[in-house]
Amino acid sequence: MQARPFKVGPLALGNATYSDNIFNPGTTTGGVNSTAAPFNELQFYMRRIRVTNVTAAPVTFRLFLGATGGNAAGTELAFNMSVPANNYVDLPYGGKPLTPADFIVGAASAAASLTIEIEGEIGVA
C-alpha cells in the first residue's frame, strides 16, 4: 500500500450522547468527513488525535471506536479525558488502522468547547 498524509478537521465536538459520528473511512460511495474518490477501498492509519479546548475552563471528552453512533463499553479510545483550559491534548496512536467498517464517535462534556483533528496516512487496501 502506498500511503499519503491525511487529516480530518478541525471539527467542533458535540455534547450530550457521546455518539456523534466524527470519522469513518470512505469507499467510492462516501464516508463521514473523508474524501474517497478515486479510491476503491481505503485504509487509514491514525497517527495522532488532537483535541483542543477553546474555553477558559477544563472540559472532558469521550471517543469510541466501533459502529456508527456506537459508544459501547470496551470500545473507548478516551474516556472522560480532561483538556485543560485554552490548551490541547494529543492522543498518539502509532498507526492504528481503520477501514470503512470503523467509526470514531464521541463528544465533549460541554457544547462549543472542544475541537478535534485526526492525522495519519491513507492508502488503498
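A polar contact, for these notes, is a pair of N or O atoms within 3.5 Å, where one must be able to donate a hydrogen and the other to accept it.

**Entry 1: the serine that sent me looking**

I am working from a predicted model. I started at serine 113 with that cut-off in mind. A polar atom of its side chain lies 2.5 Å from the backbone oxygen of alanine 110, so I count the two as a polar contact under the 3.5 Å limit. I placed serine 113 in the loop between β8 and β9. Is serine 113 buried or exposed? I find serine 113 buried, at a relative accessible area of 1%. I then listed what serine 113 touches beyond four places in sequence: Thr52, Asn53, Val54, Thr55, Val59 and Ala108.

**Entry 2: other residues of that loop**

Serine 109 is also in the loop between β8 and β9. Serine 109 comes out partly exposed, with a relative accessible area of 38%. Its contacts, leaving out residues up to four places away, are Asn15, Tyr18, Val59 and Thr60. I checked the C-alpha atoms of serine 109 and valine 59: 6.2 Å apart in space, with their positions 50 residues apart in sequence.

Alanine 112 sits in the loop between β8 and β9 too. I noted a phi near 55° for alanine 112, a positive value in a residue that is not glycine. Alanine 112 is exposed, at 68% relative accessibility.

**Entry 3: stepping back to the fold**

Next I looked at the whole chain. I count zero helices and nine strands, which read along the sequence as β-β-β-β-β-β-β-β-β. The protein has 125 residues, and 38% of them count as buried. I also looked at contacts between residues at least 6 apart in sequence: 76% of them join residues at least 24 apart. The exposed area is about 6,100 Å², with 53% supplied by carbon and sulfur atoms.

**Entry 4: the nonpolar cores**

Which residues have the most contacts inside the largest nonpolar core? I get Phe23, Ile49, Val51, Phe61, Leu63, Ile104 and Ile118, in a core of 26 residues. The elements giving two or more residues to this core are β1, β2, β4, β5, β6, β7, β8 and β9. Strand β4 gives the largest share, five residues.

I followed isoleucine 118 through its contacts. Skipping neighbours within four places, isoleucine 118 meets Phe6, Lys7, Val8, Ile22, Phe23, Met46, Arg48, Ile49 and Ile104. Apart from the 26-residue core there is another one, of five residues, including Tyr18, Phe64, Phe103 and Val105.

**Entry 5: rings**

I found three aromatic pairs. In the pair of phenylalanine 6 and phenylalanine 23, the ring centres are 5.8 Å apart and the planes are at 20°, so I call this pair stacked. Phenylalanine 6 belongs to strand β1 (residues 4-12) and phenylalanine 23 to strand β2 (residues 20-27), so the pair ties together parts 17 residues apart in sequence. Phenylalanine 6 and phenylalanine 23 are both buried.

How do the rings of phenylalanine 23 and phenylalanine 44 pair? Their centres are 5.0 Å apart and their planes at 80°, so this pair is edge-to-face. The pair links strand β2, which holds phenylalanine 23, to strand β4 (residues 42-53), which holds phenylalanine 44, across 21 residues. Phenylalanine 23 has a relative accessible area of 0%, and phenylalanine 44 is buried at 2%. I noted Phe6, Phe23 and Phe44 as one aromatic cluster.

**Entry 6: charges over rings**

I looked up arginines over tyrosine rings. Arginine 50 has its charged end over the ring of tyrosine 88, 3.8 Å from the ring centre. Arginine 62 lies over the face of tyrosine 18, with 4.3 Å to the ring centre. Tyrosine 18 has turned up before, in the five-residue core and among the contacts of serine 109.

**Entry 7: backbone oddities**

Most peptide bonds are trans, and most residues other than glycine have a negative phi. I wrote down departures from both. The bond joining glycine 9 and proline 10 is cis, with omega about 10°; proline 10 lies in strand β1.

Where does asparagine 80 lie? I find asparagine 80 in strand β6, with a positive phi near 50°. At 36% relative accessibility, asparagine 80 counts as partly exposed. Alanine 112, with its positive phi near 55°, goes in this entry as well.

Technical notes: Residues numbered from 1 in each chain as written. Predicted model: local features only at pLDDT ≥ 70, side-chain atom pairs only at ≥ 80, totals over all residues. Heavy atoms only, no water. Phe/Tyr/Trp six-rings, centres within 6.5 Å; stacked < 30°, edge-to-face > 60°. Helix = DSSP H or I, 4+ residues; strand = E, 2+ residues; numbered from the N terminus. Buried < 20%, exposed > 50% of the residue type's maximum accessible area, 1.4 Å probe, protein only. Lys NZ or Arg CZ within 6 Å of the ring centre and 35° of its normal. Contact = heavy atoms within 4.5 Å. Areas by Shrake-Rupley, 256 points an atom, 1.4 Å probe, with all protein chains shown as cover. Core = buried A, V, L, I, M, F, W, Y, C linked by side-chain atoms within 4.5 Å.
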